[in-house]
Amino acid sequence: MNKLAVITGATSGIGAEFARQLATTHKTLWLIGRREQKLNQLAEDLRVQYGIEAHVMIMDLSDQSVIDQLASQLQEQSQLSTLVNNAGYAEDGEYHKLDWRLHEDIMNVHVEATLKLSYAALQVMTANKLGSIINVSSVASFLPTPSSPLYGPTKAFIRTFSESLAIKYKDYNIKIQALCPGFTVTDFHEKIGLNPDNFYKERGLARSWSSEFVVKNSLQDLQKGKVVSVPGWNYKLIVIVLRLVPISWILRILYKQGTSHRYSE
Ligand SMILES: NC(=O)c1ccc[n+]([C@@H]2O[C@H](COP(=O)([O-])OP(=O)(O)OC[C@H]3O[C@@H](n4cnc5c(N)ncnc54)[C@H](OP(=O)(O)O)[C@@H]3O)[C@@H](O)[C@H]2O)c1
């Protein structure tokens, strides 16, 4: 039985599902997010169903001082087995029109939090010569995302950062994964104004998967030592194509789609 798992963005969607699945293999969970009521309900459900300790931590990871506070708490946890850097969202709009503060926020939630929490976790995990870090990236990390200007770039950073770390920390028996889901049924798309009822209908090759499926695949891939986990046959295929096709072709297609293109449509 593993000891402590820490999950950012555990309130809903993929993060809440990580909490449910890691509750079967960990004694204690730290559940981090901003929506207190939902987190408390999840924690209570997990305590009742699995008899584990679940601690709710209300934290806004767009605030650098909050990230620092969580990082120093993590560094004290000699029992830390698993860290899931999952908190994330997409902004929607033109880069120069969005308030600069919004750009700083997404950089903090996606990049700063992932960097600092991984750094803190590795202090413990290298000492223990054991541990796992899952950083939630996206299939969008392989693509330009014109209507969500920092989403694709920050997710690409998360993926390549994880790939770099994974090689080094294999020597310490630490598994590091970049999880790259495609469309997944969560609160994510509603938050940027898309109607989930329309959105998750027939999407052909871009069909969506459940959080349960995505997390199950991620944890299976972690066991197998896969560094980049892409759940779903359709997204595996899309990622292979995106890796093979020259970027000039992808840019040409996106140019043709014009400014109305949203990465999520
Ligand atoms: N759904 C998809 O199609 C999809 C595809 C690829 C990748 N992803 C990635 O998967 C991850 C989880 O997203 P999801 O789809 O599960 O969407 P979700 O249901 O909206 O979950 C996002 C989580 O991030 C947390 N979060 C957002 N901003 C935060 C902040 N400032 N401080 C602390 N926590 C914050 C939210 O918690 P609070 O609101 O309580 O703060 C929530 O728990 C994200 O990184 C997303 O980019 C999603």
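**Notebook: strand E4 and the ligand shell**

I began with strand E4, residues 80-85, and found that 6 of its 6 residues are buried, so the strand is largely enclosed by the rest of the structure. I note here that the model is a predicted one. For the burial call I applied the cut-off of 20 or more other C-beta atoms within 10 Å of a residue's own.

I next looked up the partners of E4. Strand E1, residues 2-8, pairs with E4 in the parallel sense, and I recorded 4 bridges between them. Within this pairing, I located threonine 82 of E4 as the bridge partner of alanine 5.

I then turned to strand E5, residues 131-136, which also pairs with E4 in the parallel sense, over 4 bridges. Here I found asparagine 85 bridged to asparagine 135 in E5.

I asked myself which helix joins E4 and E5 in a β-α-β unit. I identified helix H4, residues 100-128, and the unit is right-handed.

My second subject was the ligand. I counted 29 residues around the ligand, and I entered Gly9, Gly13, Gly33, Arg34 and Gly88 as the closest. Two elements give two or more residues to this shell, namely helix H1 (13-22) and helix H6 (188-191). I noted that H1 supplies the largest share, 3 residues.

Finally, I sorted the shell around the ligand by residue class. I obtained 13 polar, 11 nonpolar and 5 charged residues.

Technical notes. Residues numbered from 1 in each chain as written. Predicted model: local features only at pLDDT ≥ 70, side-chain atom pairs only at ≥ 80, totals over all residues. Buried ≥ 20, exposed ≤ 12 C-beta atoms within 10 Å, placed from the backbone. Pairing = 2+ DSSP bridges. Right-handed = clockwise from strand over helix to strand, strands pointing away. Near = placed C-beta within 6 Å. Nonpolar A, V, L, I, M, F, W, Y, C, P; charged D, E, K, R; others polar.
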